[in-house]
Amino acid sequence: MIPNIHYSELKDSYLFRRIAEKTAAWQQEHPGEYLYRMGIGDVTLPLCPAVIRALHEAVDDQAEKKTFHGYMPECGDPTLRETIAAYYRRLGVELKAEEVFVSSGASDELGDILDLFGRDKTVAIPEPAYPAYVDANIMAGNRILHIPSGRESMFLPMPDPDMDADIYYICSPNNPTGAVYRKDQLKEWVDFVRRKDGLILFDAAYESFIEEEDIPHSIFEIPGAESCAIEICSLSKTAGFTGTRCGYTVIPEALERGGMNLNRMWVRNRTTKTNGVSYIIQRGAAAVFTEEGQEQIRQNIKVYKQNAVRLMKALDRCGVKYTGGRNAPYIWAECPHGTGSWEFFDLLLNRCHVVATPGEGFGSCGEGYIRFSVFGTPEDTEEAAQRIEQFLNN
Ligand code: MLT
């Protein structure tokens, strides 16, 4: 028996695992030294009180016969689906609850969703890109059309008439570059993909960091997207659910290809392959969307945004060029003096005790860049910013 041969096309290890291993090795060689972690985008603030209260109540429900829940509906609790649909109404996007699927998080879903398309598809991935897009498609045996981007387009590649793919990934606010598409730019993508009869997989995991007007939070703010897009979103960064795990996916009922309805296909998939997200977690997720929950998560996001401001100030003082930081929790900075991104990663680690993410890990056009996550504590961010500034100025 030959297992999935495509695994041999993958890099030896996944980007964030490689960084974790390098960091652990450094830590072993430098016992007692403190590291300032600005690598993987993992949150540091605890879940907000409204969520904690809902989780506790849900645990208590599971202790009583009358309120106990067994299997949950595979596509999500109907009330939570309706709550999320209502959340979209603030953007002027009308969704039915049945178009919202509760998931165990965006990264799980980004891989699982490929089940809808079968094998041997061509997938366009604008790069630098979240590496799971590439790896999941290699595992699925798809062809990848790498769309490189750089500073000249501010890392916002636009469709090119010669591009021909079945699936187009778009992530805005972008991981890793922090760049954001405006409405008119996303409209251009939607119109293009509709003409091509393709499909957009829109990653909206960072939508709650948008602070400027005219930046869409959802692809469904663009007319016509309901006939060509699937949106994947997550509570990881919005509400600190990286370790709690919950997200949602929107598949419009109008979305059809080859006479097949993708919403109904996903119902068929979920009812076969999952037993739903746990009752307790879905109760915690529902609390995120209450008025109290929304106010509390806004306060947490504010802390991360202040971290971004602090780091941007340090980079500005050193004359380092960067994108992101404003509508996104990532800052994508040019490595100084043409230093390679892994080389700069090592320098930051050794000289500043700061862990960042080398741009090359997000695709070859990320070479020469480094990504900082702003999800650390304000204290760590302050110290890291001072150390980076001092190092770059010397
Ligand atoms: C990142 O650092 O790119 C993200 O935290 C990874 C993820 O969301 O899985």
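Biologist: Which residue's side chain meets that of R317 in a salt bridge with an N to O distance of 2.9 Å?

Modeller: In this model, which is predicted, the side chain of R317 meets its partner in a salt bridge of 2.9 Å, N to O, and that partner is E389. Because R317 lies in helix α10 (residues 291–317) and E389 in helix α12 (residues 378–393), the pair ties together parts of the chain that are 72 residues apart in sequence. R317 is partly exposed, with a relative accessible area of 47%. The residue asked for is E389.

Biologist: Is E389 buried or exposed?

Modeller: A residue counts as buried when its relative accessible area is under 20%, so the value for E389 has to be held against that cut-off. The relative accessibility of E389 is 14%, and E389 therefore counts as buried.

Biologist: Which residues are joined into one network by salt bridges that share partners?

Modeller: The structure holds 25 salt bridges. One of them is formed by E211 with R326, where the closest N and O atoms are 3.3 Å apart. E211 lies in the loop between β6 and β7 (229–234), while R326 lies in the loop between β11 (322–324) and β12 (330–334), so this pair ties together parts that are 115 residues apart in sequence. Through shared partners, salt bridges join into one network the residues E211, E212, K305 and R326.

Biologist: How far apart in sequence are the parts that R257 and D197 tie together?

Modeller: The side chains of R257 and D197 meet in a salt bridge, at 3.5 Å from N to O. R257 belongs to strand β9 (residues 256–257), whereas D197 sits in the loop between α6 and β6 (199–203), so the parts that the pair ties together are separated in sequence by 60 residues.

Biologist: Why is helix α9 described as largely enclosed by the rest of the structure?

Modeller: The buried residues of α9 are Y279, I281, Q282, G284, A285, A287 and V288. What covers these buried residues includes α2 (49–61), α3 (78–89), β2 (100–103), α7 (236–239) and α10. Helix α9 (residues 279–288) is largely enclosed because, of its ten residues, the number that are buried is seven.

Biologist: Which residues are in contact with V277, leaving aside its neighbours within four places in sequence?

Modeller: V277 is found in the loop between α8 (262–273) and α9, and with a relative accessible area of 10% it is buried. G240 is 37 residues away from V277 along the chain, and the C-alpha atoms of the two are separated by 17 Å. When neighbours within four places in sequence are left aside, the residues in contact with V277 are M72, V102, S103, S104, R245, C246 and Q282.

Biologist: What is the omega of the cis peptide bond that joins E127 and P128?

Modeller: P128 has its place in the loop between β3 (122–127) and α5 (131–139). Another cis peptide bond runs from N175 to P176, with omega near 20°, and P176 is found in the loop between β5 (167–171) and α6 (183–196). For the cis bond that joins E127 and P128, omega is about 5°.

Biologist: What is the phi of F155, a residue other than glycine?

Modeller: F155 lies in the loop between β4 (143–148) and β5, and at 3% relative accessibility it counts as buried. D120, which is not a glycine, has a positive phi of about 65°; D120 is found in the loop between α4 (106–112) and β3, and at 52% relative accessibility it counts as exposed. The phi of F155 is also a positive value, near 60°.

Biologist: Which residues gather in a patch of negative charge on the surface?

Modeller: One member of the patch is D160, whose place is in the loop between β4 and β5. D160 is partly exposed, with a relative accessible area of 34%, and a residue needs over 30% to be part of a patch. The residues that gather in this patch of negative charge are D160, D162, D164 and D166.

Notes
Residues are numbered from 1 along each chain as its sequence is written. This is a predicted model: local features need pLDDT of at least 70, side-chain atom pairs count only at pLDDT 80 or more; totals for chains, interfaces and linings use all residues. Side-chain values use heavy atoms; hydrogens and water are left out. Helices (H or I, at least four residues) and strands (E, at least two) are DSSP runs, numbered from the N terminus. Buried means under 20% relative accessible area, exposed over 50%, partly exposed in between (1.4 Å probe, protein chains only). A salt bridge is a side-chain nitrogen of Lys or Arg within 4 Å of a carboxyl oxygen of Asp or Glu. Patches are made of residues with over 30% relative accessible area and no salt bridge: like charges are joined within 9 Å, nonpolar side chains (Val, Leu, Ile, Met, Phe, Trp, Tyr) within 5 Å. Accessible areas come from the Shrake-Rupley method with a 1.4 Å probe; for residues, only the protein chains shown count as cover. Lys and Arg count as positive and Asp and Glu as negative; His and the chain ends are not counted. The place of a charge is taken as NZ of Lys, CZ of Arg, CG of Asp or CD of Glu. Contact means heavy atoms within 4.5 Å.
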